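Biologist: I'm new to this one. Could you show me the model and let me ask how you decide on your labels?

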Amino acid sequence: MSSSSSSSSSISSKRNAEFQPENPCYCGLPSRVRTSRTKDNPGKKFRLCPNSMNEGPKCKFWEWLEPETPENEVNSGKDKKELCNLTLKVSILENEINICKMKMEQENLVFRQEFEKLKWKLFTHKVVMIVLFLLFVFKK
């Protein structure tokens with residue numbers, strides 16, 4: 001969708017500018033949609049970085065917008081259906097991840113409980129060994 005034409009070939013009206021946060025430019029700012037007023041592309045919409053007209057560093061982001069046509073609207077409907085399916089799949093996967101996390105936490109809890117039991121057992125064995133050693137030493 002990017003064009004090799006420079007933004008200087010398209011003159012836009014600031015009155016018609018709208019920000020699009022869902023389509024950021026290369027520097028992460030919401031891109032601006034403007035309308036061309038050149039004789040080659042009259043009324044054609046394009047998107048650019050909001051800093052493109054300012055002094056200082058520019059990110060060079062610029063692209064034409066495709067005009068809305070009935071074909072695009074049909075594709076848009078297909079895209080919406082696909083987006084819904086993908087959103088559903090993501091939700092299912094997120095649920096599966098949460099279930100796995102819960103299982104891991106439960107297994108981790110069981111593991112920690114078993115580990116604490118083993119530590120206690122080891123401690124008691126050490127105490128018994130020390131007591132036996134002391135009895136052996138003082139018996140002589």
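Biologist: Why is cysteine 27 called partly exposed?

Modeller: This is a predicted model, where local features need pLDDT of at least 70 and side-chain atom pairs count only at pLDDT 80 or more, while totals for chains, interfaces and linings use all residues. Residues are numbered from 1 along each chain as its sequence is written, and side-chain values use heavy atoms, with hydrogens and water left out. Now, buried means under 20% relative accessible area, exposed over 50%, and partly exposed in between (1.4 Å probe, protein chains only). Cysteine 27 has 42%, so partly exposed is the label.

Biologist: And what makes cysteine 49 buried or exposed?

Modeller: Its relative accessibility is 1%, so cysteine 49 counts as buried.

Biologist: How many disulfides are there?

Modeller: Zero. A disulfide here is a pair of cysteine sulfur atoms within 2.5 Å. For cysteine 27, the closest cysteine sulfur is in cysteine 25, 3.2 Å away, so that is too far for a bond.

Biologist: Which strands are called the edge strands of the sheet?

Modeller: Four strands form an open, antiparallel sheet in the order S1-S2-S3-S4. S1 (18–24) and S4 (62–64) are the edges because each pairs on one side only; two strands pair if DSSP finds at least two bridges between them.

Biologist: How do you know that S3 pairs with S4?

Modeller: Three bridges join S3 (residues 45–48) to S4, and at least two are needed, so they pair. Phenylalanine 46 stands opposite tryptophan 64 in S4.
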